[in-house]
Amino acid sequence: MNWAKEFGTLLRIPLKKSLINKNVVDLKTTVIGAYPKPAYLKIPDFFNTGDEKKAGLLGASLKAYSEMMASQTDESKQQLEKDVIRASKELIAKQCQCGVDIPTDGEVRRENYLHYLCRFIEGIDFEKPKEMSVRNNAYTAVVPTVTGEVSWRGGLDCAEEWKKAQACAPAGCDVKYTLPGPMTLVGSVFDAHYKDDVRLAGDLAKIVNKQVLELAAAGCKYIQIDEPVFARKPEDCLRYGVRCLEECFAGIPEGTVERTMHMCCGYPGHVDQTDFLKADTSAYRKIAPALDVSCVDAVSIEDAWCTNDLSLLRLFTKTKVILGTMNVSSSKVETVEEMRSRLAEALKYIEPARLMVAPDCGLGLLQGEKYGHLLEQKLTNMCRAAKGVPFCAAFSKKRTCEGQDDSQPPKKKAA
Ligand SMILES: [Zn+2]
C-alpha cells in the first residue's frame, strides 16, 4: 500500500459541514418602525402620495396631516382612535405571524416617524412650512420652521400610546416604541431661530428624554431612537450627536430598558429605485467606536442593501448589533437560505448573544396591491432565516478563554 498516497486521499476528504458547524443558534428578530397603514386608516402618510415615482417624500403629507387635525370633530377623533387600535391589533398580529419577536405599533398614528412628535413641541411652527434640501441634498422636503426656543407643549402621551399598543399584543410579546433623535430632528426642520445645531439638538434631547423616562416608567422595555442623519453627517455625529443621543436615555433605571438606536442610510422614493442618494456606509466605521462606548445597548444598521464588510461588527465589542437583513426598498423576495448564510457570516465577527435581526429600515414602502403581499413573504423569510443559524463554537470559545462570558452580552454603562 502506498501510505503517502492514502494519507493524501484522507486529507482531501472534505469535512462534513455538520462536523464544522456543530452549533446553531436562534437570533432575536425585530422591525425598525413603520408598517404600511391599512386603507381604512385615514391618516395622511408620507409613504403614500399617490405618485409612486416621486422621490423624496419626506414632508409631502405635512399639510394634509395639519388639515386633518384642524378639521377633526369629537366624533371623528373617536372613530380615528378606534381605527388606530384596530390597525395596531392587526399589524402587530401580522408581525407576530411572520415570526417577529419584538414588533412595533407600525407607527400608524404618525404621518411620518419624526414630524409627529414636532407637532407637540413649542417653538416649532407648522403654519410656516419651508421647502428645503435635506439629508445632504439627497432630496428636498417640506419641513416645519423653528421660530423660538423649543420646549414640550404637551398634548401627546407617548407612554399612553405605547400602553395601548402593548395591550394589542399577545401575552409575552413586548412592543417596541420608537422616537426620533435630536440630530435627525435638527436635520428635518428649518431653523430660523437658534442658528446653532448643537444648542437646538441639546434642547430637543431634553424633550425626547422626557418621553423616554415616561415610557420606561410605564414599563416599556424596548425604546428605540432613530438617528438616520448620523450616517449622513458622521463628523457632526461624533461632535454632538452621540452625546445628545445619550442625553435622550439619561436617568432610566438600570436594567429596565434595552436602549436601542437605529442608524440607516435613507431609502428611496419608490420600490426598486436605484438612482437614490444613500449615505456612505463608511460612516458606520467612523461612528461605531463612539456608539460602542456609549450607553446604547443595541445599534441597528443596514446590511441587506449595502452588504458591509462584516469586520465592521468587530468594532462593536460591548453593544448588540441589529443587522439589517431584509431590503425594504426592493421587490425581490430574499430566500431563507441567502439571509441565513449572511447571518452565519456575521457570526464570525460577533457572538450570537449580541446579534439581532431586522429589516434595513421601516417597512412603509412595501404597500398596496403591488408590494403588500411581498412584505409578508420577505418578513417571514427573514424570521425563518434568523432561527437555526449555524455558528462556529470556536469563536465563542476563544472569547470565553479570553475571559468573556458570551452567554450574556457585556454590561453597558448607565446613561
Ligand atoms: Zn432607517
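Modeller: The expected span of a helix is 1.5 Å times one less than its number of residues. The model discussed here is predicted.

Colleague: What makes the span of helix α13 close to the expected one?

Modeller: Helix α13, residues 368-385, has 18 residues, for which 26 Å is expected. From its first C-alpha to its last it reaches 25 Å, close to that value.

Colleague: Why are Tyr-371 and Leu-375 of α13 called buried?

Modeller: A residue is buried if 20 or more other C-beta atoms lie within 10 Å of its own. Tyr-371 and Leu-375 are buried in α13, as are others including Lys-378, Asn-381 and Cys-383, so each of them meets that cut-off. The cover over the buried residues of α13 includes β2 (28-29), α4 (74-98), β10 (320-326), α12 (336-346) and β11 (355-359).

Colleague: How do you know that β10 is mostly covered?

Modeller: Seven of the seven residues of β10 are buried.

Colleague: What makes β10 and β11 a pair?

Modeller: Two strands pair if at least two bridges are found between them. β10 and β11 have five bridges, in the parallel sense, so the criterion is met. Leu-323 has Val-357 in β11 as its bridge partner. The β-α-β crossover from β10 through α12 to β11 is right-handed.

Colleague: How is β10 joined to strand β9?

Modeller: Four bridges join β9 (residues 298-301) to β10, and the two run parallel. Ile-301 stands opposite Leu-323 there.

Colleague: Why are β2 and β5 called edge strands?

Modeller: The open sheet has seven strands in the order β2-β11-β10-β9-β8-β7-β5. β2 and β5 (177-180) each pair on one side only, and are thus its edge strands.

Key: Residues numbered from 1 in each chain as written. Predicted model: local features only at pLDDT ≥ 70, side-chain atom pairs only at ≥ 80, totals over all residues. Buried ≥ 20, exposed ≤ 12 C-beta atoms within 10 Å, placed from the backbone. Contact = placed C-beta atoms within 7 Å. Right-handed = clockwise from strand over helix to strand, strands pointing away.
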